[in-house]
Amino acid sequence: MDKASSTDISRAVIALHPNDVLFAGSHALPAIPAVDHYAGAERFLRRALAMQADLGPLFDITFDCEDGAPAGGEADHARMGAQIIASKDNRFDRVGLRCHDVTHPHWQVDLDIALSICGDRLAFVTLPKARDLEDVLFARHVLRGLEQRYNTKRHIPLHVIIETHGAVRDVWSIAALEGVESLDFGLMDFVSEHRGAIPSSALRSPAQFEHPLIVRAKTEVAAAAHAYGRIPSHNVSTILDDANAVFEDAHTARERFGFLRMWSIHPGQIEPILRAMRPDAADVADAAGILLAAQAQHWGPIRFEGRLHDRGSYRYYWHVLLRARRTGMPLPAAADTAFFGPRNAEESAS
């Protein structure tokens, strides 16, 4: 082999992206924002889209057909939301839809209307109150049939709310299903399912992070999601006028329970949730330095500031960078160029 050929091969190895070398055989995490903001009325949906246009796609929006629709007006409500999702106001195609649960007479109509109007613009479909694995399989079957009917260009991801006894029991099987992108814990309905056995204090902090039955459910949801490369999404904070309390709820969900995403039910909750989901700035700086050094050494083991690092720690620090990027944190310029520059493929949370 001549010197020129050897140099070309060396450069190609050095340029390998983390996604190309660190995650063979493992499940990839979906590249979705850390905040899922719910909007159940037209004015709230339009307000959320305006905020998203200003901030960029740092948060998703879920148009709510379950709790947002007036009784008897479900079809008009679904049609209104679908038309807005299909409009130019939806700049980033990061708006999903929560349909009614599978026992509701209108749930399939929700999906039919949405896919007929905005199927290719729909970021995801959220299924509430799944009673067990069979409900999720049925919902996915119906969704795939409608995709075929309306010739959507892709399979629409399914987000499943885990809020019943049966869903908690089957959560690992639900997480394993192809097409499931997120497992969302629904605290209020989960507590209600216990018919008064869990006190109302557990609907808020600190009891929502301390009651044994809720802790068990949250840890099962997060563990199953991580095992199968799904995003675990945490329940809402019902506090609307205290940003610090919202931040603390999101921070606890992230740091103690491993949730990577959280619902928002008021525009004022978006920023504190984003802030809570961000990694520490020192960790981001370390991640950038370690990964750049690893790339320069062809992803073999390195010594960095007196510590050994190999592909196990590289995977950890890669997710630190991804978490920073998806929550709007600036990255060190060299790492931003090396890993997220225009010459790289679309980044994903592998």
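Trainee: Where in the chain is the place of Pro 206?

Mentor: Pro 206 sits in the loop between helix 9 (187-192) and helix 10. Helices here are DSSP runs of H or I with at least four residues, strands are runs of E with at least two, and both are numbered from the N terminus. Keep in mind that this is a predicted model, where local features need pLDDT of at least 70, side-chain atom pairs count only at pLDDT 80 or more, and totals for chains, interfaces and linings use all residues. Residues are numbered from 1 along each chain as its sequence is written, and side-chain values use heavy atoms, with hydrogens and water left out.

Trainee: And what is the peptide bond from Ser 205 to Pro 206, cis or trans?

Mentor: That bond is cis, its omega being near 5°.

Trainee: On to the whole fold. What makes the protein as compact as a globular protein of that length?

Mentor: Start with the inventory: 15 helices and 10 strands. The radius of gyration is 21 Å and the globule rule gives 20 Å for 350 residues; those are close, so the protein is as compact as a globular protein of that length. The radius is taken over C-alpha atoms, and the rule is 2.2 Å times the number of residues to the power 0.38. Along the principal axes, the C-alpha atoms fill a box of roughly 75 × 45 × 40 Å.

Trainee: How many of the 350 residues, in percent, count as buried?

Mentor: 53% of them do. Buried means under 20% relative accessible area, exposed means over 50%, and partly exposed is in between (1.4 Å probe, protein chains only).

Trainee: Why is Arg 94 called buried, then?

Mentor: Its relative accessible area is 17%, so Arg 94 falls on the buried side of the cut-off. Arg 94 lies in the loop between helix 4 (74-85) and strand 3 (95-98). Leaving aside neighbours within four places in sequence, its contacts (heavy atoms within 4.5 Å) include Ile 32, Gln 52, Asp 60 and Phe 124.

Trainee: How do you know that His 106 is buried?

Mentor: At 12% relative accessible area, His 106 meets the definition, so buried is the right word. His 106 is in the loop between strand 3 and helix 5 (107-118).

Trainee: What joins the side chains of His 106 and Asp 110?

Mentor: A polar contact of 2.8 Å. The term asks for a pair of N or O atoms within 3.5 Å; within protein, one must be able to donate a hydrogen and the other to accept it, and residues adjacent in sequence count only if both atoms are side-chain atoms. Beyond its sequence neighbours within four places, His 106 also touches Glu 74 and Ala 75.

Trainee: What makes Asn 151 exposed?

Mentor: Its relative accessible area is 62%, so Asn 151 is exposed. Asn 151 has a positive phi of about 55° although it is not a glycine, and its spot is the loop between helix 6 (133-149) and strand 5 (158-162).

Trainee: Why does Glu 305 count as exposed?

Mentor: Relative accessibility is 67% there, so Glu 305 counts as exposed. Its phi is positive, near 50°, and Glu 305 lies in the loop between strand 9 (302-304) and strand 10 (307-309).

Trainee: How many aromatic pairs does the count come to?

Mentor: The count comes to 9. Rings of Phe, Tyr and Trp (its six-membered ring) pair if their centres lie within 6.5 Å; planes under 30 degrees apart count as stacked, over 60 as edge-to-face and the rest as tilted.

Trainee: Why is the pair of Tyr 316 and Tyr 317 called edge-to-face?

Mentor: The centres are 5.0 Å apart and the planes stand at 80°, so Tyr 316 and Tyr 317 form an edge-to-face pair. Tyr 316 is partly exposed at 48% relative accessibility, while Tyr 317 is buried at 15%.

Trainee: What makes the rings of Trp 318 and Phe 339 edge-to-face?

Mentor: Here the centres are 5.7 Å apart with planes at 75°, so edge-to-face applies to Trp 318 and Phe 339. This pair links distant parts of the chain, with Trp 318 in helix 14 and Phe 339 in helix 15 (residues 333-340), 21 residues apart. Both Trp 318 and Phe 339 are buried, and ring pairs link them with Phe 340 into a cluster.
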